[in-house]
Amino acid sequence: KSAGSLFDRWPTSDLQSFLAEVRDRNLSIVLAGSLTGHNITAAAMLNPDFIAVRAAACEGGRGGTVSTQRVRSLKNSVASAHCLSAMNA
């Protein structure tokens, strides 16, 4: 967790290539790794089956309490990213 987010550790172009291989094998895709804010949108634009969040959904960080408002905001971010992806397709 101290090394940064998924996108700090894995360049987007490499991640896209890997995800294409995973899709070719008909496997589910779950993206995770310190995803917050703009990283949630970037993850959603890669069209995974799931996006795993903990700190982004909780008041007080990953050990905190799940917040309805934060979950709603995350849901809206993912929906907006899917709309952008559809427009760019």
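Start with the salt bridge: this predicted model has one. Select Glu59 and Arg70 and look at the gap between the side chains, where the closest N and O atoms are 3.3 Å apart. The pair links distant parts of the chain, with Glu59 in strand 3 (residues 58-59) and Arg70 in helix 4, 11 residues apart. In general, side chains of opposite charge can pair when their charged atoms come close. Now switch on a surface and check both partners. Glu59 has 46% relative accessibility, so it counts as partly exposed. Arg70, at 32%, counts as partly exposed too.

Stay with Arg70's helix and select residues 68-88, which make up helix 4. How far apart should the ends of helix 4 be, at 1.5 Å a residue? With 21 residues, the helix should span 30 Å, and the end C-alpha atoms are indeed 30 Å apart, so the two agree.

Next, colour the buried residues of helix 4: Leu74, Ala81 and Ser85. Turn the view until you are looking down the axis of helix 4. The buried residues fall within an arc of 40 degrees, so they line one face of the helix. Then pick out Thr68, Gln69, Lys75, Ala86 and Met87, the exposed residues carried by the face turned away from the buried side of helix 4.

Keep Met87 selected. Is Met87 buried or exposed? Its relative accessibility is 66%, and because the cut-off for exposed is over 50%, Met87 counts as exposed. Add Met45 and Leu84 to the selection, and you have the three residues that make a nonpolar surface patch of about 300 Å².

Now move to helix 2 by selecting residues 12-24. Helix 2 has 13 residues and reaches 18 Å from its first C-alpha to its last, close to the 18 Å expected at 1.5 Å a residue. Which residues of helix 2 are buried? Show Leu15, Leu19 and Val22 and you have them. Repeat the end-on view here: seen down the axis of helix 2, these buried residues fall within an arc of 55 degrees, so they line one face of the helix.

Select Trp10 and Phe18 for the next stop. The structure holds one aromatic pair, and these two residues form it, 5.0 Å centre to centre, with 40 degrees between the planes, a tilted arrangement. Check the surface again. Trp10 counts as partly exposed because its relative accessibility is 30%. Phe18, at 38%, likewise counts as partly exposed.

Finish in the loops, with the backbone showing. Most residues other than glycine have a negative phi. Go to Asn26, in the loop between helix 2 and strand 1 (30-31). Asn26 has a positive phi of about 55 degrees although it is not a glycine. On the surface, Asn26 comes out at 71% relative accessibility, so it counts as exposed.

Then follow the chain to Ser34, which lies in the loop between strand 1 and helix 3 (37-45). What is the phi of Ser34? The value is positive, about 55 degrees, although Ser34 is not a glycine. Ser34 has a relative accessible area of 29%, so it is partly exposed.

Conventions
Residues are numbered from 1 along each chain as its sequence is written. This is a predicted model: local features need pLDDT of at least 70, side-chain atom pairs count only at pLDDT 80 or more; totals for chains, interfaces and linings use all residues. Side-chain values use heavy atoms; hydrogens and water are left out. Rings of Phe, Tyr and Trp (its six-membered ring) pair if their centres lie within 6.5 Å; planes under 30 degrees apart count as stacked, over 60 as edge-to-face and the rest as tilted. Buried means under 20% relative accessible area, exposed over 50%, partly exposed in between (1.4 Å probe, protein chains only). Patches are made of residues with over 30% relative accessible area and no salt bridge: like charges are joined within 9 Å, nonpolar side chains (Val, Leu, Ile, Met, Phe, Trp, Tyr) within 5 Å. Accessible areas come from the Shrake-Rupley method with a 1.4 Å probe; for residues, only the protein chains shown count as cover. A salt bridge is a side-chain nitrogen of Lys or Arg within 4 Å of a carboxyl oxygen of Asp or Glu. Helices (H or I, at least four residues) and strands (E, at least two) are DSSP runs, numbered from the N terminus. The expected span of a helix is 1.5 Å times one less than its number of residues. The arc is that of the directions from the helix axis to the C-beta atoms.
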